[in-house]
Amino acid sequence: MNRKNKSLCLLVAALLLCAYIPLTALATDFVPMASPVFVTKTAGLNTQMKAVMACTTSVICDKICVSGVTLQKQSGSSWAHVKSLPCPSTSATNASSFGASMDYSSHCTKGTTYRIIITYNADGVTASATSGASTYK
């Protein structure tokens with residue numbers, strides 16, 4: 001390859017690199033939209049620490065389940081992580097809705113205010129719902 005061709009190749013490579021860098025920066029600034037799969041996601045926790053969880057999807061899914069449950073307790077005006085809780089063992093197959101309930105009272109202390117965060121999984125797409133605050137009585 002002669003000197004002129006080498007220079008031309010280096011110039012093209014430099015231009016491609018300069019074009020690639022701003023595109024990479026734009027890609028890292030991308031903020032994804034909410035998942036179009038989940039239509040509704042709910043999480044509820046009553047004063048006996050019984051949780052209800054339900055979700056619906058916009059399409060029929062091979063499998064819908066709960067993939068994570070997080071327990072938080074109120075600490076002043078903020079929330080502190082307590083622990084991960086067991087997920088329901090049930091799931092929905094070939095469905096567009098899922099519902100389950102669990103008793104988490106054995107993980108809680110009476111008189112303390114808690115909330116739960118439920119993470120749903122529908123064919124690999126995840127979304128979360130947070131319950132309201134509830135004081136264990």
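# A walk through the strands

Start by selecting threonine 40, whose bridge partner in strand E2 is threonine 56. What you have open is a predicted model, so read each stop below as a feature of that prediction.

**Stop 1: the E1–E2 hairpin.** Widen the selection to residues 38-45 for strand E1 and residues 50-75 for strand E2. The two run antiparallel and are paired over seven bridges. Now move to the turn: four residues lie between the strands of this hairpin. Click on methionine 49 there, and you'll find a positive phi of about 65°.

**Stop 2: the whole thing.** Zoom out and switch to cartoon. How many helices and strands are there in the protein? You should find one helix and seven strands. Trace the chain along the sequence and the helix is followed by the strands, in the pattern α-β-β-β-β-β-β-β. Turn on the surface next: the protein exposes about 8600 Å², with carbon and sulfur atoms supplying 59% of that. Of the 137 residues, 28% are buried. If you display contacts with a separation of 6 or more, 62% of them link residues 24 or more positions apart.

**Stop 3: the nonpolar core.** Hide the surface and show Met53, Phe98, Ile118 and Tyr120 as sticks. Within the largest nonpolar core, a set of 28 residues, these four touch the most other members. Which elements give two or more residues to this core? They are E1, E2, strand E4 (92-103), E5 and strand E6 (125-130). E2 puts in the largest share, with eight residues. As a general point, nonpolar side chains in soluble globular proteins tend to be buried together.

Stay on methionine 53 for a moment. Leaving out residues up to four places away in sequence, methionine 53 touches a list of residues including Thr42, Val66, Pro88 and Gly99. Phe98, Ile118 and Tyr120 are also among the residues that methionine 53 touches.

**Stop 4: the cysteines.** Select cysteine 55, which is buried because its relative accessibility is 2%, under the 20% cut-off. Why is there no bond from its sulfur to cysteine 61? Cysteine 61 holds the closest cysteine sulfur, but that sulfur is 8.3 Å away, so it is too far for a bond. Next, go to cysteine 65, also counted as buried because its relative accessible area is 15%. The closest cysteine sulfur to that of cysteine 65 sits in cysteine 87, at 7.7 Å, so a bond is again ruled out by distance. The disulfide count comes to zero.

**Stop 5: threonine 113.** Jump to strand E5 (residues 113-122), where you'll find threonine 113. Is threonine 113 buried or exposed? Threonine 113 counts as buried because its relative accessibility is 15%. Show its side chain together with that of threonine 135, and draw the polar contact of 2.7 Å that joins them. Threonine 135 is also one of the contacts of threonine 113 beyond four places in sequence, and the others are Gln72, Lys73, Gln74, Trp79, Ala133 and Ser134.

**Stop 6: the E5–E6 hairpin.** Follow E5 along to its partner. E5 and E6 pair in the antiparallel sense, with six bridges between them. Select alanine 122 and you'll see valine 125 of E6 standing opposite. Two residues separate the strands in this hairpin, and aspartate 123 takes a positive phi near 55°.

Key:
Residues numbered from 1 in each chain as written. Predicted model: local features only at pLDDT ≥ 70, side-chain atom pairs only at ≥ 80, totals over all residues. Heavy atoms only, no water. Pairing = 2+ DSSP bridges. Buried < 20%, exposed > 50% of the residue type's maximum accessible area, 1.4 Å probe, protein only. Contact = heavy atoms within 4.5 Å. Areas by Shrake-Rupley, 256 points an atom, 1.4 Å probe, with all protein chains shown as cover. Polar contact = N/O pair within 3.5 Å; in protein donor to acceptor, adjacent residues only side chain to side chain. Core = buried A, V, L, I, M, F, W, Y, C linked by side-chain atoms within 4.5 Å. Disulfide = S-S within 2.5 Å.
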